[in-house]
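Dear colleague,

Please find below the structure that I am handing over to you. My notes on what was found in it follow directly after.

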Amino acid sequence: MDDSYSTQAQWPYHDGKQVIAIMRIRTRLVPLAAAASLIGTALVIAAPAGAAQALSCYGSANSYFKPDGPMDYPAGDLLWSSGACNDINIKPKTNRYVMVCVEDVPGGTMDCPQEYVRAAANQWTVVKPNVDPGTAFVFKFRSAAQSSGSWAA
């Protein structure tokens, strides 16, 4: 039988009082560590709501392909905001200048801003902030060149 931990040289807390004191400390520290771990987990779960919303917004992204020629996407049709995002966003594969034109009332005219927004390649860019779910819109590109990437709204 190996009795290596029973000697004072290898196990300095060999008498009953010191071992019990260590055991009490452990029984107090373990629940404290568990509670701290749960609090830390709650803080991670309650991480910035904006980050979680952005992930769900971009997780519902759609691909687009605008051929050479037409400057609107989709040409002759409309897109609708889903409510997954608060904004209309675009992520082109190349740098583009783009604006979003929204339908002022269902079946009405398209309301376009005065300026284009520069959307950098492979980065999400908010083109139209604060858009209600179900808003009809089109992307209007400054260039007639082909463009592709993703959009989320």
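A salt bridge is taken here as a side-chain nitrogen of Lys or Arg within 4 Å of a carboxyl oxygen of Asp or Glu. By that criterion, the structure holds one salt bridge. Please bear in mind throughout that the model is predicted.

The salt bridge

The partners are D72 and K140, whose closest N and O atoms are 2.9 Å apart. D72 belongs to strand β2 (residues 72-73) and K140 to strand β9, so that the pair links distant parts of the chain, 68 residues apart. As for solvent exposure, D72 has a relative accessible area of 27% and is partly exposed. K140 is likewise partly exposed, at 24%. In general terms, side chains of opposite charge can pair when their charged atoms come close.

Overall architecture

The chain contains two helices and ten strands. In sequence order the pattern is α-α-β-β-β-β-β-β-β-β-β-β. Of the 153 residues, 24% count as buried. The accessible surface of the chain is about 10000 Å², and carbon and sulfur atoms account for 58% of that area. Among contacts with a separation of 6 or more, 79% are between residues 24 or more positions apart.

The nonpolar core

Which residues touch the most other members of the largest nonpolar core? They are I90, F137, F139 and W151, in a core of 16 residues. The elements that contribute two or more residues to this core are β4 (88-92), β5 (96-103) and β9 (136-141). In soluble globular proteins, nonpolar side chains tend to be buried together.

F137 merits a separate entry. Apart from neighbours within four places in sequence, F137 is in contact with L78, L79, W80, S81, I88, V100, C101, V102, M110, W151 and A153.

Aromatic pairs and charges over rings

The count of aromatic pairs comes to six. Two of them are described here, each by centre distance and plane angle.

- Y64 and Y73 form a tilted pair, with 5.5 Å from centre to centre and 50° between the planes. Both Y64 and Y73 are buried.
- F137 and W151 form an edge-to-face pair, with 5.6 Å from centre to centre and 80° between the planes. F137 lies in strand β9 and W151 in strand β10 (residues 147-152), so the pair ties together parts that are 14 residues apart in sequence. F137 and W151 are both buried.

Ring pairs also join Y64, Y73 and F141 into a cluster. The face of F141 has K66 lying over it, at 5.6 Å from the ring centre. A second arrangement of this kind involves Y97, whose face is covered by R142 at 3.9 Å from the ring centre.

Backbone features

You may wish to have the following backbone details at hand.

- The peptide bond from Y73 to P74 is cis, with omega near -5°. P74 is located in the loop between β2 and β3 (79-80).
- N122 has a phi near 60°, which is positive although the residue is not glycine. N122 sits in the loop between β7 (117-119) and β8 (125-128).
- N130, also not a glycine, has a positive phi of about 55°. N130 is placed in the loop between β8 and β9. With a relative accessibility of 68%, N130 counts as exposed.

The loop between β9 and β10

Where is Q146 found? Q146 is in the loop between β9 and β10, and at 41% relative accessibility Q146 counts as partly exposed. Leaving out residues up to four places away in sequence, Q146 touches F65, K66, P67, D68 and R96. Q146 and P70 are 76 residues apart in sequence, while their C-alpha atoms are 8.8 Å apart in space. K66, one of the residues touched by Q146, is also the residue that lies over the face of F141.

To recapitulate, D72 of the salt bridge pairs with K140, Y73 takes part in a tilted ring pair with Y64, and the bond from Y73 to P74 is cis. On the side of the core, F137 is among the residues that touch the most other members, and F137 also forms the edge-to-face pair with W151.

With kind regards

Terms used. Residues are numbered from 1 along each chain as its sequence is written. This is a predicted model: local features need pLDDT of at least 70, side-chain atom pairs count only at pLDDT 80 or more; totals for chains, interfaces and linings use all residues. Side-chain values use heavy atoms; hydrogens and water are left out. A nonpolar core is a set of buried Ala, Val, Leu, Ile, Met, Phe, Trp, Tyr and Cys residues joined through side-chain atoms within 4.5 Å. Buried means under 20% relative accessible area, exposed over 50%, partly exposed in between (1.4 Å probe, protein chains only). Helices (H or I, at least four residues) and strands (E, at least two) are DSSP runs, numbered from the N terminus. Contact means heavy atoms within 4.5 Å. Rings of Phe, Tyr and Trp (its six-membered ring) pair if their centres lie within 6.5 Å; planes under 30 degrees apart count as stacked, over 60 as edge-to-face and the rest as tilted. A charge sits over a ring if NZ of Lys or CZ of Arg is within 6 Å of the ring centre and within 35 degrees of the ring normal. Accessible areas come from the Shrake-Rupley method with a 1.4 Å probe; for residues, only the protein chains shown count as cover.
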